[in-house]
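Biologist: I am new to this structure and would be grateful for a close look at a single helix, with enough of the surrounding chain to place it. Please explain the reasoning as you proceed.

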Amino acid sequence: MQRCFRRFHGTLPSAGVSLKDTLRLPTTTFPIVPSDSKTERASLLKKITSDLYIQQSQRDDAPTFILHDGPPYANGALHIGHALNKILKDVINRVQVLEGKKVVFQPGWDCHGLPIELKALQAKQEKAGTKLDKSAAKAAKGAVEMGKSMSALEIRGIARELASGTIEQQMSNFKDWGIMADWEGKYVTMDKDYEMRQLEVFRDMLKKELIYRKNRPVYWSPSSGSALAEAELEYDPAYKSQSAFVKFPLQQEIGGQKDVSAVIWTTTPWTIPANKAIAVGEKIEYCIVQSAKHGKLLIASEAIADLQKKLEEEFTIIAGPMPGTELVGSNYTHPLLSEAAPQPILSADFVTAESGTGLVHLAPGHGMDDYLVCLKHEIPPFSPVDNNGCYTADTLPSLVGKEVLYGGQKAVIALMEESNCLIFQHKFEHKYPLDWRTKSPVIVRATAQWFANAGGIKEAAHTALENVTFLPKTGATRLNSFVQNRSEWCISRQRAWGVPIPALYDADSGEPLLTEESVNHIITVLNEKGTDSWFDPSVPNEVFVSPEFANDGKQYIRGKETMDVWFDSGTSWATLASRLGQPDVTADIYLEGSDQHRGWFQSSLITSLATREQAPFKQVITHGFILDGKGKKMSKSLGNVVSPADLTLKAPTDINLPKPQKPLAKMQRIDILRLWVAFCDFTRDISVGPKVVSQVHEILRKARVTTRFCLGVLEDWDGIYTPYSELGKLDKIALAHLAQVNNKVRESYAQYNFNKAVSALAQYTTNDLSAFYLDVIKDRLYTLSPEDLSRRSAQTTIAYVLRNYLSLLSPLIPLLVQEVWSHAPKSLLRSTPQEERQMLEYFSAAEGWEMNWADGKLITDFENLKTLHDAVKQGIERAKTAGNAKVNLEAGVEIVVPKGGYAEKFVKSYLEELEQLAIVSDVAVVGELVRYKSTFEKLEFRRKGKLLIFWFD
């Protein structure tokens, strides 16, 4: 330190004066660990959220950027998946603000539907002292049973109360994460204004004849007593079904043989009572075989070997092969309903001989393919199953009241055994749909439901999606595939908590009344009285009958169905137009999880195209799922979710050790959470673990230490920037590095590569700042006078570095950035534009700074300097080991270079900088040339602590 002081001042301080007292060490009020003061945190959060949103929203002439929020369910505490979603959106919005845009971000909440209804019913049970079953499926079923004893108004009341409380709780948590949004302008799907807009979209689709009622098969959940959409299903990949081979007696001779039975294979034996036809493949070859146990059997030629193996007997082929075309038009007798009319054999394209028997049992009331084939032949769907999944009186007396999936199925198998039509039964493992909430198996059941015609907009959807940008790009194919494979959308649900389908029914015939005029009248009434009035028995039915139908001699009653929640959230685009006061508003971005291709993205696209013939979004971005330690998707229903607090409450003691140490301050936890989101590659599924959190914590720690040092050395700066032309070479190199990382990070932001931005900033912090610039300028900053040009040059550079560094960090960790600005010296505050400090604009210096600072030659020079620095460091370490030196400043460096070459010119031009860079007492150039095999091979300590470095051209 004495040599360092002497190098800059010539003499040591007077006797009795402490050397430390003469140094200008960094001074700042910015703490090394953030405060846990609630008041300070609340003040900082307000500045970076509500204040910033208001400030940027006042940019009247700025281009508008709309990120439309996909509404989360208002049915529970937030988990790490919510954090990933909302923080990603916030980072994008903050980048757009820095780019000069006026951001519109109105958060939303999805409030209707079964998930919230079940949660409210369970809360009521617990309040009454009922202990919920540990099994989520059984607890859900119990709640559904309880709901059957309550009125629709009661259920709606407790569901609304639950949703309202949850919204307040979730909104508070979102604000704590530093989410910048129009919280006052939030949209809530249970608000009357939202419901009225939703009903208007429904009316507009009805006007275009895209809404209709139809009796056809739908997914039905006996456990929740409601129809379900595809997006409301989960699949058990290892579900075990009871399957059966069943023979149906043919009425005609086939292949010259009498008393032949067609053999079918089914994984749903409970649907046999609803059988209406058998399907064959026209191009498949069939044979009649003789079975010693079961007589003459008609099966596909390819299926003979498999059936023989199952029955453990050898068949004799007695007729065939014959094409399926010869079988079409034949009739058979239902094995359990011998007195029923003969039923036909039809052809179907989906029949194969790869599994089963090559003959398919058709129950048009319990399968979509079955329904479509039978529809062509005017065979109506038949489904003797009620809302609870039990057989009705329309089937065999012995089956009535039995659950089709359980006792009913066993009873059907017993009947088939009695009638001698059951050939073989076994358990079959396959993928099977479950109710996403109760986790119980669903069935396919024909009921009268309301549908939206999705098939009519397929071509328009394909065209519209060609103009939409997707990230990742595979999203385009995925969304288009879901839309193209969907012809009808079942939009009715048998629930109390939802927006009512505005249909009236003739009390005598049950015929629905749904016209543009009737819906307009109902919207007017509901707008005045609220949607609860639809379910209020004290409100007369006549109130909802429009004048056009009041005197038609019919008595009308209200329907009890509500709209699919995907229709609720899928019409959220309509809120933008009304709130912004602009027609046909299209959001710049929709961003949600990848499961929303079949959910919100699809429902939004369908409703928008159906009513205004345009997509609701310009770009669709999807993120992956959060996975637990076993690689399973985190889900509230599975009970494997991690809360953000669990992830960030304590810091791991070591990157490889998951054990926690002391709790972190809440501000620090917020920064870690946000930085973790940005650090992950969100386009893929993300595993949560201590290692990645430790890495993020270390990146954040270095950022905090770096900004604290910068604040400290600027405390005595006067705020006057030294012109670029007067800056030192190392300072210019630092600015070249700054321009380089600025371009890299901003380019990453523009491409939504936030993980690359974080990596670039982390590397910059470690390599360019900590290991280089901030280290080599300490002598100048600590020992020179405030007026010294070299010191002022370093402070100017630090000011530029800190400003740009904070600007680049602000979309990721705005709370830390705001905290830094709250401790900044007055000189820095005065010399920094207010818009930059408020995170409204990116850092900017003099005009053309990016081009001037990004000097490629300086970057190349630095690489050479770094090579020399590394060689010096290696040599001094050897000297320390050998006992020839204790500290760097006890050593000098002599660099041996060829005379007149590039190396000599380069080293001489950077002599002063090399002293600072190597932190040694002096650096000299030696003109003698000694040849060695390779550069820096000979490291020799000689002549009073001189380190020789050899550099060849």
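Modeller: A residue is called buried when its relative accessible area is under 20%, exposed when it is over 50%, and partly exposed in between. The model examined here is a predicted one.

The part I have chosen is helix α28, which covers residues 856-882. The helix has 27 residues, and at 1.5 Å a residue these should span 39 Å; the C-alpha atoms at its ends are 40 Å apart, which agrees with that expectation. At the N-terminal end, D855 acts as a cap, with a side-chain oxygen 2.9 Å from the backbone nitrogen of K857. At the other end, G883 comes just after α28 and takes a positive phi of about 85°.

Between these ends, a number of residues of α28 are buried, among them L858, I859, D861, F862 and L865. Further along the helix, L868, A871, V872, G875, I876 and A879 are also buried.

The setting of this helix is a chain with 30 helices and 34 strands. Of the 953 residues in the chain, 56% are buried. The C-alpha trace spans about 120 × 70 × 55 Å along its principal axes. A compact globule of 953 residues would have a radius of gyration near 30 Å, but the chain has 38 Å.

Two separations help to place parts of the chain. The C-alpha atom of E863 is separated by 36 Å from that of P472, and the two residues are 391 apart along the chain. P472 is found in the loop between β18 (469-471) and α12 (474-484). With a relative accessible area of 22%, P472 is partly exposed. The second pair is G553 and T783, which are 230 residues apart in sequence and 101 Å apart in space, C-alpha to C-alpha. G553 lies in the loop between α13 (516-529) and β23 (556-558). Because its relative accessible area is 79%, G553 counts as exposed.

The surface also deserves a brief mention. There, I32, V33 and V705 form a nonpolar patch whose accessible area is about 230 Å² together. V705 belongs to helix α19, residues 690-713. Its relative accessibility is 35%, so V705 counts as partly exposed.

To return to the chosen part: α28 has a span that agrees with the expected one, a cap from D855 at its N-terminal end, and buried residues including F862 and I876.

How values were computed
Residues numbered from 1 in each chain as written. Predicted model: local features only at pLDDT ≥ 70, side-chain atom pairs only at ≥ 80, totals over all residues. Heavy atoms only, no water. Patch = residues over 30% accessible without salt bridge, like charges linked within 9 Å, V, L, I, M, F, W, Y side chains within 5 Å. Areas by Shrake-Rupley, 256 points an atom, 1.4 Å probe, with all protein chains shown as cover. Salt bridge = Lys/Arg side-chain N within 4 Å of Asp/Glu carboxyl O. Helix = DSSP H or I, 4+ residues; strand = E, 2+ residues; numbered from the N terminus. Buried < 20%, exposed > 50% of the residue type's maximum accessible area, 1.4 Å probe, protein only. Expected span 1.5 Å × (residues − 1). Polar contact = N/O pair within 3.5 Å; in protein donor to acceptor, adjacent residues only side chain to side chain. Rg over C-alpha atoms; globule rule 2.2 N^0.38 Å.
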